[in-house]
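Ready for a short walk through a model? Keep your viewer open and your selection tool at hand, and take the stops in order.

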Amino acid sequence: MDYVDFDSLAQKLAPTLQVLENKRKELLRKGRSEGLIYAAIFLVVGVIALLIHLLYLQPIITQ
């Protein structure tokens, strides 16, 4: 079995680890922005549904 020096292994893996770290950060940013978009859409649809309920359905139900 060959002996592997940790320092040389770390130097060989450094570029790969850096690429993976950059990709992780990119996906994290993308996930946050997509989550905010979905939350905003959900909020707008919820407000519209509430207005429809209060303005149109509530008078029909109470008659």
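Begin by selecting Leu43, Val44, Val47, Ile48, Leu50, Leu51, Ile52, Leu54, Leu55, Tyr56 and Leu57 and showing their surface: together they make up a nonpolar patch with about 1,100 Å² of accessible area. Bear in mind on this tour that you are looking at a predicted model.

Now pick out one member of that patch, Leu51. Which element holds Leu51? The answer is helix α1, which covers residues 6–62. And how accessible is Leu51? Its relative accessible area is 44%, and since partly exposed is the class between under 20% (buried) and over 50% (exposed), Leu51 counts as partly exposed.

Next, clear the selection and show the whole chain as a cartoon. How many helices and strands does the protein chain have? You should find 1 helix and 0 strands. Switch to a surface view and consider the chain as a whole: of its 63 residues, 0% count as buried. The accessible surface amounts to about 6,200 Å², with 70% of that belonging to carbon and sulfur atoms.

From here, turn to the charged side chains. How many salt bridges does the structure hold? There are 2, and each gets its own stop.

For one of them, select Glu21 and Arg24 and display their side chains; these residues form a salt bridge whose closest N and O atoms are 2.8 Å apart. The two side chains are also joined by a polar contact of 2.8 Å. Follow the backbone between them and you will see that Arg24 and Glu21 both sit in helix α1, 3 residues apart, or about one turn of the helix. Colouring by accessibility is worthwhile here: Arg24 is partly exposed, at a relative accessible area of 46%, and Glu21 is partly exposed too, at 29%.

For the other salt bridge, select Lys23 and Glu26, whose side chains meet at 3.9 Å, N to O. That distance qualifies because the cut-off for a salt bridge is within 4 Å. How far apart are Glu26 and Lys23 along the chain? They are 3 residues apart, about one turn of the helix, and both belong to helix α1. As for accessibility, Lys23 is partly exposed, with a relative accessible area of 43%, while Glu26 counts as partly exposed at 38%.

To finish, show both pairs at once: Arg24 with Glu21, and Glu26 with Lys23. Then bring back the nonpolar patch that includes Leu43 and Leu57, and you have every stop of the tour in a single view.

How values were computed
Residues are numbered from 1 along each chain as its sequence is written. This is a predicted model: local features need pLDDT of at least 70, side-chain atom pairs count only at pLDDT 80 or more; totals for chains, interfaces and linings use all residues. Side-chain values use heavy atoms; hydrogens and water are left out. Patches are made of residues with over 30% relative accessible area and no salt bridge: like charges are joined within 9 Å, nonpolar side chains (Val, Leu, Ile, Met, Phe, Trp, Tyr) within 5 Å. Accessible areas come from the Shrake-Rupley method with a 1.4 Å probe; for residues, only the protein chains shown count as cover. Helices (H or I, at least four residues) and strands (E, at least two) are DSSP runs, numbered from the N terminus. Buried means under 20% relative accessible area, exposed over 50%, partly exposed in between (1.4 Å probe, protein chains only). A polar contact is a pair of N or O atoms within 3.5 Å; within protein, one must be able to donate a hydrogen and the other to accept it, and residues adjacent in sequence count only if both atoms are side-chain atoms.
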